[in-house]
Amino acid sequence: MGQRLNRCLDVPGALPPPPPLLPLRRRLLLLFIMLFLWLYMFYSCAGSCAALPGLAPRGSPAPPRAAAPRLPALLLRAPPGSPAAAAAPEPAEESSLEEQRAAPDAASPISSFFNGSGTKRLPQAIIIGVKKGGTRALLEFLRVHPDVRAVGAEPHFFDRNYERGLAWYRDLMPRTLEGQITMEKTPSYFVTKEAPARISSMSKGTKLIVVVRDPVTRAISDYTQTLSKKPDIPTFESLTFKNRTTGLIDTSWSAIQIGIYAKHLENWLLYFPIGQILFVSGERLISDPAGELGRVQDFLGLKRIITDKHFYFNKTKGFPCLKKAEGSSKPHCLGKTKGRTHPDIDQEVVQRLRDFYRPFNMKFYQMTGQDFGWD
Ligand code: A3P
């Protein structure tokens, strides 16, 4: 048996001849190609995997986000006090985590896949304000445009996180391909003294967008938001006045202060020409979203792709909603924190506030060349 085996092994030609070895150069080339393909797949996945939760239908429970390696810290909340919490930028004050989940900072999985090979760029356009003006609606609507890529949550770079540096800021941005615009929105920039100089030093050419809304309604909306988090705060009426008997308005209350648009705008005009700032009417964004989006697309130099075909009026929500949200085929309205019911405010106080804002509004109309019709 052993002999037979030996014979078999010894006999030349008993086994099929080994395949001819590839020349070393060819083998190296093959190895290099395989390595390149592997690296490309890995890189593409790193760019797109973060968007994969977007595959899940809106409304269905999102998979645990902590597992996603490239997920921007913006979408996650580290335990307070932990080093991660110190490093992570603040989540959007006015938009819930649920809302941010519904709006991951990436486009559709397909475009994310291609954008995986794109580049992270500093934003060329920023929605700088105003808080409660309708900034989330504008960003959500704009993201429908294939040439707009925006970070979902508010980075607060030019107010709270400036010391982290531009590299940190850029890293928060989604990848873009040539011709796509990178955007972010942080409404507090509009009232931040240092923001205009800082944005201008990043790039003088940055396009700025401000969504403005009747300052009285805006103040009530702002108060409603705070009330939803802290139900024990004093009434709107009592917070409005320094002294109710004299009728002196408390302009140090941020809800009132933010609405003095003309004053804040003066600060921006020290660094940016008025033509580089677009003022969007928060009221028209609700009554005619496509019209306002048309103006925004023109301002950004984009093809007018977002039209009235993209919107429908949702009677239950009481607001325009998207027929198809970005990266989804389903209708999409903003979350519960947008479009809250406001408390009833004493009409005398409302009138007093109207009188207070009137001169500032007039000045603002003059500066912008637009009559927003708040009076
Ligand atoms: P209210 O909740 O007081 O109604 P911001 O996103 O800047 O915080 O603004 C919030 C405001 O956006 C909401 O204030 C709401 O009036 C307004 N808004 C504009 N378009 C909207 C839309 N399509 N859906 C929901 N809210 C919208």
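## Exercises on a ligand shell and a loop lysine

In this predicted model, an oxygen atom of the ligand stands 3.1 Å from an N or O atom in the side chain of R213. The exercises below begin with the ligand and then turn to K323 and to the chain.

**Exercise 1.** Find which side chains place an N or O atom close enough to an oxygen atom of the ligand to fall within 3.5 Å.

*Solution.* Begin with R213, whose side chain has an N or O atom 3.1 Å from a ligand oxygen. Continue with K132, where the corresponding distance from a side-chain N or O atom to an oxygen atom of the ligand is 3.2 Å. Then take S221, which has a polar side-chain atom 2.6 Å from an oxygen atom of the ligand. The ligand on its own would expose 570 Å², and the protein buries 98% of that area.

**Exercise 2.** Describe the shell around the ligand by its nearest residues, by the elements that supply it and by residue class.

*Solution.* The shell counts 19 residues, and those that come nearest to the ligand are T135, S221, P320, G339 and H342. Turning to the elements, helix α6 (135–142) and strand β11 (319–322) each supply at least two residues of this shell, and the largest share, four residues, comes from α6. Sorted by class, the shell holds seven nonpolar, six polar and six charged residues.

**Exercise 3.** Decide whether K323 is buried, partly exposed or exposed, and describe its surroundings.

*Solution.* First place the residue: K323 belongs to the loop that runs between β11 and α15 (347–368). Next consider its relative accessible area of 39%; buried means under 20% and exposed means over 50%, with partly exposed in between, so K323 is partly exposed. Leaving aside residues up to four places away in sequence, K323 touches several others, among them D308, K309, H310 and P331. Of these, K309 deserves a further step: K309 and K323 are 14 residues apart in sequence, and their C-alpha atoms are 8.0 Å apart in space. The side chain of K323 reaches the backbone oxygen of K309 at a distance of 3.1 Å.

**Exercise 4.** Summarise the chain in terms of its secondary structure, burial, contacts and surface.

*Solution.* Start with the secondary structure, which consists of 15 helices and eleven strands. The chain has 375 residues, and buried residues make up 45% of them. For the contacts, consider those between residues at least 6 apart in sequence: 72% of them join residues at least 24 apart. Finally, the accessible surface of the chain comes to about 19,600 Å², and carbon and sulfur atoms account for 62% of that surface.

Conventions: Residues are numbered from 1 along each chain as its sequence is written. This is a predicted model: local features need pLDDT of at least 70, side-chain atom pairs count only at pLDDT 80 or more; totals for chains, interfaces and linings use all residues. Side-chain values use heavy atoms; hydrogens and water are left out. A residue is near a molecule or strand if one of its heavy atoms lies within 4 Å of it. A polar contact is a pair of N or O atoms within 3.5 Å; within protein, one must be able to donate a hydrogen and the other to accept it, and residues adjacent in sequence count only if both atoms are side-chain atoms. Accessible areas come from the Shrake-Rupley method with a 1.4 Å probe; for residues, only the protein chains shown count as cover. Ala, Val, Leu, Ile, Met, Phe, Trp, Tyr, Cys and Pro count as nonpolar, Asp, Glu, Lys and Arg as charged, and the others, Gly among them, as polar. Buried means under 20% relative accessible area, exposed over 50%, partly exposed in between (1.4 Å probe, protein chains only). Contact means heavy atoms within 4.5 Å.
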